[in-house]
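Trainee: I keep meeting terms such as buried, salt bridge and hairpin. Can we go through a structure and test each label against its cut-off?

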Amino acid sequence: MTAFGLIDRYLLRLLGWPLAGCLGLTVIALLLERVLRLLDLLSQSSARFDYVTQLALNLVPHYLGLALPVAFFVALFIVISKLSDGSEIDALLAGGQSLERVAAPFVCIGLALSVFSIGVFGYVQPYSRYAYRAVMHAAVNAGWNGRLSGGAFIDDDGSMMTADSADLSGQTLTRVFIRRPDAAGREELITAASATLQVAPDGKTVTMRLKSGRRIGNDARGAYRSLAFDDLTTQAPLKAAAGLLRARGGDERELTLGELARQANSPNPVVPKATLWAEFYGRLARAAFLPFLPLLAFPLGLAAKRGNRAPGLLLAGVLLLAFQHSLLLGQSLAESGRLAPIPAVGAPFLVFTGLAVWLFVGSRTRPGDTPISRLVLAMGAWFRRMIKLLQPKERAA
């Protein structure tokens, strides 16, 4: 029993850092890409950096749920390949340990991650999704922040403003164009060679000082009037952020697992019952798939001898993507009423878990020798031939 405990601790210690590293890197990479898009989207919104920080924090549960199965599988693949390269798997099998016993601690971690995933998918993510939409609504409706980037357009309450260039602060502009309603509600155009912007201390207005320009509009009789100026000072209002338009629960993805079940069993749900049940079973299927990942990683990892890891990871990525998209397809079929929710979501789950169990069972007698592993080896040989063909041939002396 002590030997088993030592082996378990050794295997889990090998898994710990790769899992934490893969999960952290994947979540950070996904967040950075999204944050760059948010910064571009909210570049002219007031308090944009505060909004981006809140949006990024609310995206963490979403990306954590997406990255968890990928990071877990990649970490398993790394550990199993390392054990295989060092012949440690062979030593454990020769010492009387079965492949099921070696895989047991990894399956236990999969079960723990499955419970964690249910918490994230089922209860944390719905609230964070609603909070993200609430912050985004406030950011989009927060109005202009009194700054302008070169080449950007401000369109706020019927007024439009742009400038060819601006300094880093966004408050010193050149070649400015403004279209806005005047005091009587008639449209007027203002052009200026340069302008400076200054936000009032209360944050409610911005003062624009325009230099060397022209002001064009209509008078009371409808005739055009044009005024050339050397210096013109005008003000524009800055509006506050608007509140959220609706309460949480208008989208099935904003409901927790318990709320999905209660809504689906209620006589008048806000979302169609088929959609509610499809979302409910889809979340459970994604969480329940995690304990089966070690059974899939062992055959692929054992088959990935030195120089053959890339094909194994590529094939694993294809399988994980196929599982994710097949679940989405099943949910859409259930929502459209073409299939009942349980078979629509359960069929992809059973196919991929059955494939994982079949591959693992086939590896017990000859570890690493399965139809999939032979495909991985064939892919590796094909990659090596292609690399050899693409390499320039040495010239004869």
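Mentor: Yes. Keep in mind that this is a predicted model. Start with R215 and E188, whose closest N and O atoms are 3.1 Å apart.

Trainee: Why is the contact of R215 with E188 called a salt bridge?

Mentor: The cut-off is 4 Å between a side-chain nitrogen of Lys or Arg and a carboxyl oxygen of Asp or Glu. R215 and E188 come to 3.1 Å, so the label holds. R215 lies in strand β5 and E188 in strand β4, so the pair ties together parts 27 residues apart in sequence.

Trainee: What makes E188 buried and R215 partly exposed?

Mentor: Buried means under 20% relative accessible area, and exposed means over 50%. E188 has 1%, so E188 is buried. R215 has 23%, which falls in between, so R215 counts as partly exposed.

Trainee: How do you know that β4 and β5 are paired?

Mentor: Two strands pair if there are at least two bridges between them. Strand β4 (residues 187–199) and strand β5 (residues 205–218) have 11 bridges, in the antiparallel sense. In β5, I216 is the bridge partner of L189.

Trainee: Which strand besides β4 pairs with β5?

Mentor: Strand β6, residues 224–237. β5 and β6 pair in the antiparallel sense over 13 bridges. I216 stands opposite S226 in β6. β5 and β6 form a hairpin with 5 residues between them. In the turn, G222 has a positive phi of about 90 degrees.

Trainee: What joins R180 and T234?

Mentor: A polar contact of 2.8 Å between their side chains. The limit is 3.5 Å, so 2.8 Å passes. R180 is found in strand β3 (residues 172–181). Its relative accessible area is 12%, under 20%, so R180 is buried.

Trainee: Back to salt bridges. How many are there?

Mentor: The search of the whole structure finds 11. One of them joins the side chains of R101 and D8, at 2.9 Å from N to O. R101 is in helix α4 (residues 99–140) and D8 in helix α1 (residues 2–41), 93 residues apart. R101 has 24% relative accessible area, so R101 is partly exposed.

Trainee: Which helix holds both R283 and E279?

Mentor: Helix α6. R283 and E279 are 4 residues apart, about one turn of the helix. Residues three or four places apart in an α-helix point the same way, because there are 3.6 residues a turn. The closest N and O atoms of R283 and E279 are 2.9 Å apart, and the two form a salt bridge. Both R283 and E279 are buried. Elsewhere, salt bridges that share partners join R133, D251, R253 and E254 into one network.

Trainee: What span is expected for α6?

Mentor: 22 Å, at 1.5 Å a residue. The helix has 16 residues (273–288) and reaches 22 Å from its first C-alpha to its last, close to that expected value.

Trainee: How many disulfides does the search find?

Mentor: It finds 0 in the whole structure. Two cysteines still show the burial cut-offs at work. C22 is buried, because its 16% is under 20%. C108 counts as partly exposed, because its 49% is not over 50%.

Trainee: What does the UniProt record list for residues 14–32 and 103–124?

Mentor: The unreviewed entry lists both under "transmembrane region". In the model, residues 14–32 are 100% helix, with end C-alpha atoms 28 Å apart. Residues 103–124 are 100% helix too, with end C-alpha atoms 30 Å apart.

Technical notes:
Residues numbered from 1 in each chain as written. Predicted model: local features only at pLDDT ≥ 70, side-chain atom pairs only at ≥ 80, totals over all residues. Heavy atoms only, no water. UniProt positions renumbered as here; feature names shortened; annotations may be inferred. Helix = DSSP H or I, 4+ residues; strand = E, 2+ residues; numbered from the N terminus. Expected span 1.5 Å × (residues − 1). Disulfide = S-S within 2.5 Å. Buried < 20%, exposed > 50% of the residue type's maximum accessible area, 1.4 Å probe, protein only. Polar contact = N/O pair within 3.5 Å; in protein donor to acceptor, adjacent residues only side chain to side chain.
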